Amino acid sequence: MVGEGFTEWHNVVRGAPRFVGHYQPRIPSALGFYDLDNPGVMERQVAMAQQAGLAGFAFYYYHFGSRRLLEKPLERFLADPSLDTGFFLIWANETWSRRWDGSASEILLEQTYPPDMPEILAEDLVRHFRDPRYRRIDGRPLLAIYRTSMIPDAAHWLDQLRAAFALLGENPLIYMAQTFEDEDPRAFGCDGALEFPPHKISRTLRLNMPERGFGNNPLLKVWDYDAIVDRALNLPEPPYPIIRSCFPSWDNDSRRQGAASVVHGSTPEKFRRWLQALVEAAEDDAGRPPIVCINAWNEWGEGAYLEPDRRFGHAYLNVVQRVLHAEKKGVRRQIVLIGHDAFPAGSQTLLLNLGRTLKQDFAVDVLFLLLRAGPGYDGLLRAYRDVAETQVVHGDAALLAATLVRRGFTDAIVNSAASAPILGALAAVGIKAIQLIHELPEMFASLDAAPAMVANGNRVRRFVASTPAMTGMLEGAGIPPDRIMVRSQGQYRRVERLDATAARAEIGLAPGPCVVAALGYADHRKGADLFVATAEAARNAGEAMIFVWQGDWDGRTQAMLEARIADLSASGHLILLPNRVEIEALMGAADVFLLPSREDPLPSAAIEAWSCGLPVAAIAATGGISDLIGADAQLGILAATGDPAALLDAVRAARALGRSEERALWAAEQFDWPIYVRDLLRELYTPPVVDVAIIGHNHGRFAESRIGSIARQTLSPRAVTYFDIASTDGGDVGIAEVAERLGVRMVEAAANDGRLFVTWAEIAATSDAKYLHIAEGDDWVAPTMIERCVEALEQAPGAAYAFVAVEWIDVNDRIIADHSDYPAGVIGANIAGGGEIAADRLLASDFVVKNPILTISSVLWRREVLLDLIRTNGDALEKLGFAFDWLLYLRAAAAGRSAVFVPDLLCRHRQHAESFASREDIGWHIAEIRTVHDLQSAHWAADRRAEYLASLG
């Protein structure tokens, strides 16, 4: 307040355009002309900021030496811990004049610095510092000062202030705001600088005065927003710590009518360019303060605000959400992947590939935690570090786990029983885990892992056994049966098929002899000696066989077999290939894969052999591979024992089976790696079941973006299916490749004569999921779209569907229109903040006039409701083409079902020549709309409907 009854809003409405295109006045929308004395206002502001991903607010703190002013909002914030957002203070130590109103000479309240000011100020500020929400950097509270140069003998005065803070047990970081001519904080003894644009940037930037002004006030100054951003992004890095800042817009005409400083030409997309660059720079530079500031939240008198207004609505807040929310740390899932060591063997390699896939294809931030990685156990350590941050437990595991929790890691995948000792440390700090079991009974017993598993079982979401035989072992150890899940691991390495002749030539083999292959680390447990003995038996029997083992050898095992290996190698019956990632030549050259392991749960080598169509020979009752062969004789042959003669007989019989494409197809389905990873995520998070169906026609060029946006959902769908409807552009090949890589089932469907609702009915009827997301094949959704909609629907059990705000993009992914305010424009301004919308409210709005939901891709349905609506409205739906979804929304409301609006921009709808929305036949559009009007009676809206149809031509 400045004078009785006066508020800043009195100035805001006085703004007026001073030139063509000048945006004034600026009128608030969602929050209106609010009063901060109203307790509900700050609650809405905090909620709005948090939805955008903002970490908190910088409050101006006014202390004039003799008194404080404008303290009520800050005190109200301090008194209400439910306003759970961070904050820090900027001491606005500036004399109040009428400068803000264009009259700088009239002093309203002078800023003074009495002798006891440092002690008074420190005592009051410490009260704020000790609020747990106060922002600290490396444990020190952050305090900014707006006009440091105005403090008499500032460096000495700040020394006194620091001494006063020290007596109270605090050592704040004091940053100087870069305002007016103040740029270097070192001149005043400050710890760093806080940018305060347009200060500093505009001072030396050339004006961009308009050609067509509505007056001739010589004090009007206009800069170009693009030029401001370009200058800001090209500033040199200073030799002191700095917090970078940006602003969405700037225009103080409402305060200085006609004599304003205006930064003209801001748009949400231009603001995004500036903000995103600052955020990326802060994330990439570990030495930079981990804060980016935006000037401002609600400086309406200066035209610097993020709060929604009548022109842009939530657009600037949605930009913040896109930069900070989608694909950023803190929104992406964070999972600790825990392994016992980095030895280059099967389970360790599986963990490595699990981390790689989670990070690249599922947008999960991962951290590897290894229980040891010393000499002899560090073969994969470099590979782990190439994928993600990798830490090794060197001391107190509980302390390390607590550190991970502070960093936001609350979920873990513990790989193999050998890593079970970490479960106690995880449980102690509340980290939820799933435990993967790869060991068979003999190895499991030797690890003595059962006590740790049983003791911490209540914090383990699921024990995942790779073979059915392991369930009895786990139950016998004391694990409750309902906590055990059997899930074969996926095949993480895709093996390309090579022609046999070319593959043999690469290894140095001639066509003809039967090649018996083995792969992996050669030691006693893996049966390396049995492999050698079988090769000897084949040689002695005069068999035309060559045995080839690719991989590293255990030194002791190789030394024991050295002479026999040399003898077989000399006679041409044995070849040892070095360990390497590429296995295509080995698998292409082979006729039979021999797994001579004495005990092996489910080795990837045999799975990879099956994926190439090879038959596998193995020893009975040795693990998961022998169990699978025992259940299906087409997969291979079992030797009753590890006797060389028995193994040779098994090899002979397997050779007779030959390669099989059916076997390769079975392996591809049984050991689908992306689906395995998705299943682990579902077990870790146990969300409601969601299925996704993507429907496309000639959308092959968008497959990577479209399918990838679903694969990266923070709430993983149970199943994703891509329905390619009679495409003719040849893009189905690309779709199939992306679908296979990301674990998506592809269905090539026949043309449906425009009756898309029939496809919807089939999708809804064949799913048993709670929720269903049906999407267009050329759109895109943000990683949190499904999760946000599920959360909304779980809180609104009467709602039929949830929908999100939409923006339009072109074929090159450029944003061409922000339609985040469109639903509120149709249904009513009071839905702009989101939430459940009652059925009667929907039917009493312009929802019956035009469809506020711009794409099906923005919707998540309650599946049973959708299926019932389709079945009960089939005759009506038959009459519609593209607009059938609108009728479904209306019929849901007519059935008493509410809807939920999530107001964040979480969906992008692509506009191009082939899309429905871009069809030039406006008559077809009008006919569809008129049909919906006829099918959904609303006599009260007859005039509104006629007006809308007339507006379309």
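This dialogue goes through strand S7 and a seven-strand sheet in a predicted model.

Mentor: Local features in this predicted model need pLDDT of at least 70, side-chain atom pairs count only at pLDDT 80 or more, and totals for chains, interfaces and linings use all residues. Residues are numbered from 1 along each chain as its sequence is written, and side-chain values use heavy atoms, with hydrogens and water left out.

Trainee: Why is strand S7 called largely enclosed by the rest of the structure?

Mentor: Buried means under 20% relative accessible area, with exposed over 50% and partly exposed in between (1.4 Å probe, protein chains only). Five of the six residues of S7 (residues 140-145) are buried, so the strand is largely enclosed. A strand here is a DSSP run (E, at least two residues), and a helix is one too (H or I, at least four), numbered from the N terminus.

Trainee: How do you know that S7 pairs with S8?

Mentor: Pairing requires at least two bridges found by DSSP. S7 and S8 (residues 173-178) have four, in the parallel sense, so they pair by that definition. One of the partners is Met 176 in S8, opposite Ile 145.

Trainee: What makes the crossover from S7 to S8 right-handed?

Mentor: With the strands pointing away from the viewer, the path from the first strand over the helix to the second must run clockwise. The chain crosses from S7 through helix H5 (residues 154-167) to S8, and this β-α-β crossover is right-handed.

Trainee: Why are S20 and S24 called edge strands?

Mentor: The open sheet has the order S20-S19-S18-S21-S22-S23-S24. S20 (390-392) and S24 (484-486) each pair on one side only.
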